[in-house]
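Visitor: I'd like a quick tour of this one. Can you take my questions as they come?

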Amino acid sequence: MTAPGDATDDTDLRSPRVTARIGVALGISFTICFATGLLSHWIQQPPSWFAWVSRPVWVYRVTQGIHVISGCVAIPLLLAKLAVVYPKLFEKPLLGSPVRLLERGSIAILVSASIFQLTTGLLNIAQWYPWRFFFTTTHHAMAYVVIGALAVHVAVKLPIIRDALTGPLDEEADQSRESPSRRGPIVSRRGLLALTAAAAGISAIAFAGQTVTPLRRTAFLAPRSGNGPQGLPVNRTAQAARVVESASSDDFRLTVARGNVMRTLSLSELRALPQNTVTLPIACVEGWSALATWSGIRFIDLAALVDAPHDATLRVISLERGPYGVSTLPMAQSRDPLTLLALRLNGEELDLDHGFPCRLIAPDLPGVMQTKWVSRIEVM
Ligand SMILES: Nc1nc2c(c(=O)[nH]1)N[C@H]1C(S)=C(S)[C@@H](COP(=O)(O)O)O[C@H]1N2
Ligand SMILES: [Mo]
């Protein structure tokens with residue numbers, strides 16, 4: 001009977017020397033994925049102590065791109081790790097001493113929570129809208145479960161990990177050659193690690209193209225690397241949002257309100273206000289991003305129409321009802337002169353699917369908060 005972590009496993013590849021190395025890569029990608037995911041969550045639902053930035057304008061594009069790429073890299077790493085260790089998962093005794101219990105418990109939670117996280121994340125970037133709202137809450141909650149179980153797992157296994165990483169990869173392979181009765185594995189340990197690394201690299205490239213423009217053509221797994229109208233992907237069309245009629249109506253008015261103080265502007269009045277042009281990326285929480293040129297009215301100018309105080313919080317409301325119809329701007333975005341109520345995109349009037357007659361575009365704001373078909377701005 002073999003003890004956990006014992007060098008004499010049933011095949012040469014099932015060695016802690018192999019699994020610890022895959023485990024390190026997996027641990028790093030999970031940690032990066034957790035940190036960038038938490039950041040994105042805090043921007044959208046800020047705790048009282050949290051203050052977000054609006055410069056440089058590419059920060060969120062980069063952090064959210066890293067979030068999705070590190071998650072995608074973790075998929076082949078997790079599969080490789082499970083393939084190598086799976087006989088151990090069912091090793092007897094299943095339960096035992098408190099340490100054994102902790103070890104088994106943390107692995108069971110880690111494995112199932114990781115599979116859940118990576119699967120739901122992947123299905124989400126593949127645009128599974130039916131449970132997208134439920135997705136954000138569970139994906140956020142489950143992230144703590146994964147990281148907690150990972151910390152326990154690493155702590156319990158620390159002696160084995162240290163031992164496995166300090167020794168050479170092939171040491172036991174030499175010993176096993178002394179017993180001719182043992183059949184060698186199909187690939188060497190080094191070969192297995194190289195294959196795993198290649199799979200992780202391919203996974204990264206396959207998804208990175210949706211945010212790293214030069215890689216666009218290699219993003220064969222990224223669902224929204226293609227172009228929508230005016231060179232930008234569209235998440236939700238005007239029709240899906242049920243705003244076609246209200247957004248194209250001549251009766252459209254934008255209301256800017258601070259308590260009882262109100263200004264109402266028609267589209268031609270909006271066009272007559274001072275226009276500014278900015279080049280900003282739009283970066284979806286699901287990882288795709290694209291740079292575009294936007295023209296419209298500065299939010300600080302709109303807020304000034306109702307004498308908004310300098311540190312006012314701005315809330316943006318869409319013609320669309322529902323969870324995507326409201327966005328509360330972080331302070332940095334409220335005050336930033338680059339934050340626009342855009343009327344034009346890449347030199348043309350906004351397409352209906354991009355938010356005609358007007359949409360919010362702000363630096364370093366998650367795509368999901370860049371409200372389209374804006375009908376009301378509230379100064380709070
Ligand atoms: N009113 C409204 N605004 C919205 C959305 C939406 O569904 N409804 N989707 C958001 C999301 S998730 C993203 S990534 C961006 C995408 O903008 P685009 O479709 O104009 O490229 O718009 C955001 N603004
Ligand atoms: Mo998005």
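Guide: What follows covers the pockets, surface and salt bridges of a predicted model.

Visitor: What are the ground rules?

Guide: In this predicted model, local features need pLDDT of at least 70, side-chain atom pairs count only at pLDDT 80 or more, and totals for chains, interfaces and linings use all residues. Residues are numbered from 1 along each chain as its sequence is written, chains are lettered from A and ligands numbered from 1 in the order in which they are written, and side-chain values use heavy atoms, with hydrogens and water left out.

Visitor: How much space lies in the largest pocket?

Guide: About 1100 Å³. A pocket here is an open set of points on a 1 Å grid over the protein atoms alone, with protein on both sides within 12 Å along at least five of seven lines. Volume is the space filled by probe spheres set on the points, which are joined across faces, edges and corners.

Visitor: Which residues are closest to its centre?

Guide: Q44, F135, T136, H139 and V285 are the closest to the centre of the largest pocket, out of 41 that line it. Lining residues have an atom within 4 Å of a point.

Visitor: Which element gives the most to that lining?

Guide: α4, with 10 residues. The elements that each supply at least two are α1 (16–44), α2 (59–89), α3 (98–125), α4 (132–166) and β6 (326–328). Helices (H or I, at least four residues) and strands (E, at least two) are DSSP runs, numbered from the N terminus.

Visitor: And how does the pocket lining divide by residue type?

Guide: Into 21 nonpolar, 17 polar and 3 charged. Ala, Val, Leu, Ile, Met, Phe, Trp, Tyr, Cys and Pro count as nonpolar, Asp, Glu, Lys and Arg as charged, and the others, Gly among them, as polar.

Visitor: Now the closed spaces. How many cavities of 30 Å³ or more?

Guide: The count is 1. A cavity is a set of points where a 1.4 Å probe fits but cannot get out. The largest cavity has a volume of about 350 Å³. Of its 23 lining residues, N235, R359, G367, Q370 and K372 are the closest to the centre. The lining of the largest cavity divides into 12 nonpolar, 6 polar and 5 charged.

Visitor: Switching to the outside. Which residues make the nonpolar surface patch?

Guide: V24, I28, I32, W58, V62, I66 and L165, over about 580 Å². The elements giving two or more residues to the patch are α1 and α2. α1 gives the most, with 3. Patches take residues with over 30% relative accessible area and no salt bridge; like charges are joined within 9 Å, and nonpolar side chains (Val, Leu, Ile, Met, Phe, Trp, Tyr) within 5 Å. The areas come from the Shrake-Rupley method with a 1.4 Å probe, and for residues only the protein chains shown count as cover.

Visitor: Where does V24 sit, and what is its accessible area?

Guide: V24 is in helix α1. V24 is partly exposed, at 36% relative accessible area. Buried means under 20%, exposed over 50%, and partly exposed in between (1.4 Å probe, protein chains only).

Visitor: OK, salt bridges. How many does the structure hold?

Guide: The structure holds 9. The criterion is a side-chain nitrogen of Lys or Arg within 4 Å of a carboxyl oxygen of Asp or Glu.

Visitor: What do R55 and D336 do?

Guide: Their side chains meet in a salt bridge (2.7 Å, N to O). R55 lies in the loop between α1 and α2 and D336 in the loop between α10 (331–335) and β7 (340–345), so the pair ties together parts 281 residues apart in sequence.

Visitor: Is each one buried or partly exposed?

Guide: D336 is buried at 5% relative accessible area, while R55 is partly exposed at 43%.

Visitor: What about K157 and E103?

Guide: Those side chains also meet in a salt bridge (2.9 Å, N to O). K157 is in helix α4 and E103 in helix α3, 54 residues apart. K157 counts as buried at 15% relative accessibility, and E103 counts as buried at 7%.

Visitor: Where are D170 and R190?

Guide: Their side chains meet in a salt bridge (3.1 Å, N to O). D170 lies in the loop between α4 and α5 (171–177) and R190 in helix α6 (residues 189–208), so the pair ties together parts 20 residues apart in sequence. D170 is partly exposed, at 27% relative accessibility.

Visitor: Which residues do shared partners join into one network?

Guide: R100, E103 and K157.
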